[in-house]
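These are my notebook entries on one structure, written down in the order in which I looked things up.

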Amino acid sequence: MTEKSPAMAGTRMPVAFIGHGSPENALEENVFTRGWKALARSLPRPKAILSISAHWLTEGTALTAMDQPRTIHDFYGFPRTLYEIDYPCQGSPELVERIRRTVETVRVQPDTEWGLDHGTWSVLVNMYPQTDIPVVQLSLDYYLPPAKQYQIGRELRPLRDEGVLILGSGNLVHNLMAIDFHAAPFAWALDFDHFVADALAGRDDDELIRYHERRSAHLAHPTFDHYLPLLYVLGASENETPRQFNEGFFAGSVSMRCAVFGE
């Protein structure tokens, strides 16, 4: 198989939301990781990747601005081999400055302390295991109104024409307190997952921005950090109807649904 050429200026990159689930997906070959790998094979090779992960919550909005972001093992109680994974990609100070200029809704601050958490690297180790594409991670301001998070996504949209792959990484249903490895998906989990799937298919962005009004929302998301990356992806995706894949659940209460726009 020949390697795909880097995306050139004028070639619009897709934008994707990835349901990342357990960090152990970095080690496993399963239906979810195969879906991520297939996605990467189908895309033009990015010039750089901007990841928006559920696992970096900040006061204000920040960007990893180091030359080589460290690999953060932000979990506990997993096999030792998981803590030994390193994703030694380069950062991109050029992309950081480009994002700081293009985002006007909030002031974006450069950060040299964080790195890439498992919401980013557990996905990229499957999609781009060669670690030869620069990666920058954008933080989430949890208390920023959803409409403003969507607007930041709109302001990031021009990066797609510059060869940047925008990835949101979270889960569309994420309730770790209800995990049951032997359970079928709970009714409230299915309700919220189907609500999101239908709204995505119909591109009802207003409904997705008002996600918290859904009766099942607070069971599906006791905290909303894993939903929020979707808002940035929606904003960056214009009116493109997504292809949805990995339409399954992990342990009854974690939706692994993914969506890619503009393939």
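Which strand gives the largest share of the lining of the largest pocket? I looked this up and found that strand β2, residues 48–57, provides that share with three residues. I keep in mind throughout that this is a predicted model.

**Entry: the pocket.** I noted a volume of about 610 Å³ for the largest pocket. Its lining is made up of 30 residues, and the ones that lie nearest the centre are S22, P23, H174, L176 and I179.

**Entry: helix α1.** I checked the length of α1, which runs over residues 31–42, against the expected rise: at 1.5 Å a residue its 12 residues should span 16 Å, and the end C-alpha atoms are 17 Å apart, so the two values agree. I then listed the buried residues of this helix, which are F32, T33, G35, W36, L39 and A40. Because these residues cover an arc of only 155° around the axis, they sit on the same side of α1. Looking for what covers them, I found several elements, including the strands β1 (15–19), β7 (243–245), β8 (249–250) and β10 (258–261), together with helix α4 (118–127). At the N-terminal end of α1 I found N30 acting as a cap, with a side-chain oxygen 2.9 Å from the backbone nitrogen of F32.

**Entry: R157.** I located R157 in the loop between α5 (146–156) and β6 (164–170). Is this arginine, R157, buried or exposed? Its relative accessible area is 14%, and since the cut-off for buried is under 20%, R157 counts as buried. The side chain of R157 reaches the backbone oxygen of G235 at 2.9 Å. Leaving aside residues up to four places away in sequence, I recorded R12, G235, A236 and E238 as the residues that R157 touches.

**Entry: N175.** I placed N175 in the loop between β6 and α6 (187–201), and noted that with a relative accessible area of 4% this residue is buried. A polar atom of the N175 side chain lies 3.1 Å from the backbone nitrogen of M177. Beyond four places in sequence, N175 touches W188, L219, A220, P222 and S253. I also looked up the C-alpha separation between N175 and A189, which stand 14 residues apart along the chain, and found 8.7 Å.

**Entry: positive phi at R203 and A251.** I looked at R203 because its phi is near 50°, a positive value in a residue other than glycine. R203 lies in the loop between α6 and α7 (205–209), and at 14% relative accessibility it counts as buried. I turned next to A251, which has a positive phi of about 55° although it is not a glycine. A251 belongs to the loop between β8 and β9 (254–255), and its relative accessibility of 10% makes it buried.

Which residues does A251 touch, not counting residues up to four places away in sequence? I found A178, I179, D180 and F181, and I note that I179 is also among the residues nearest the centre of the largest pocket. The C-alpha atoms of A251 and P185 are separated by 7.4 Å, although the two residues are 66 residues apart along the chain.

Note on methods: Residues numbered from 1 in each chain as written. Predicted model: local features only at pLDDT ≥ 70, side-chain atom pairs only at ≥ 80, totals over all residues. Heavy atoms only, no water. Helix = DSSP H or I, 4+ residues; strand = E, 2+ residues; numbered from the N terminus. Expected span 1.5 Å × (residues − 1). Buried < 20%, exposed > 50% of the residue type's maximum accessible area, 1.4 Å probe, protein only. Arc of directions from axis to C-beta. Contact = heavy atoms within 4.5 Å. Polar contact = N/O pair within 3.5 Å; in protein donor to acceptor, adjacent residues only side chain to side chain. 1 Å grid on protein atoms, 1.4 Å probe; cavity = no way out; pocket = protein on both sides within 12 Å on 5 of 7 lines; lining within 4 Å. Points joined across faces, edges and corners; volume = space filled by probe spheres on them.
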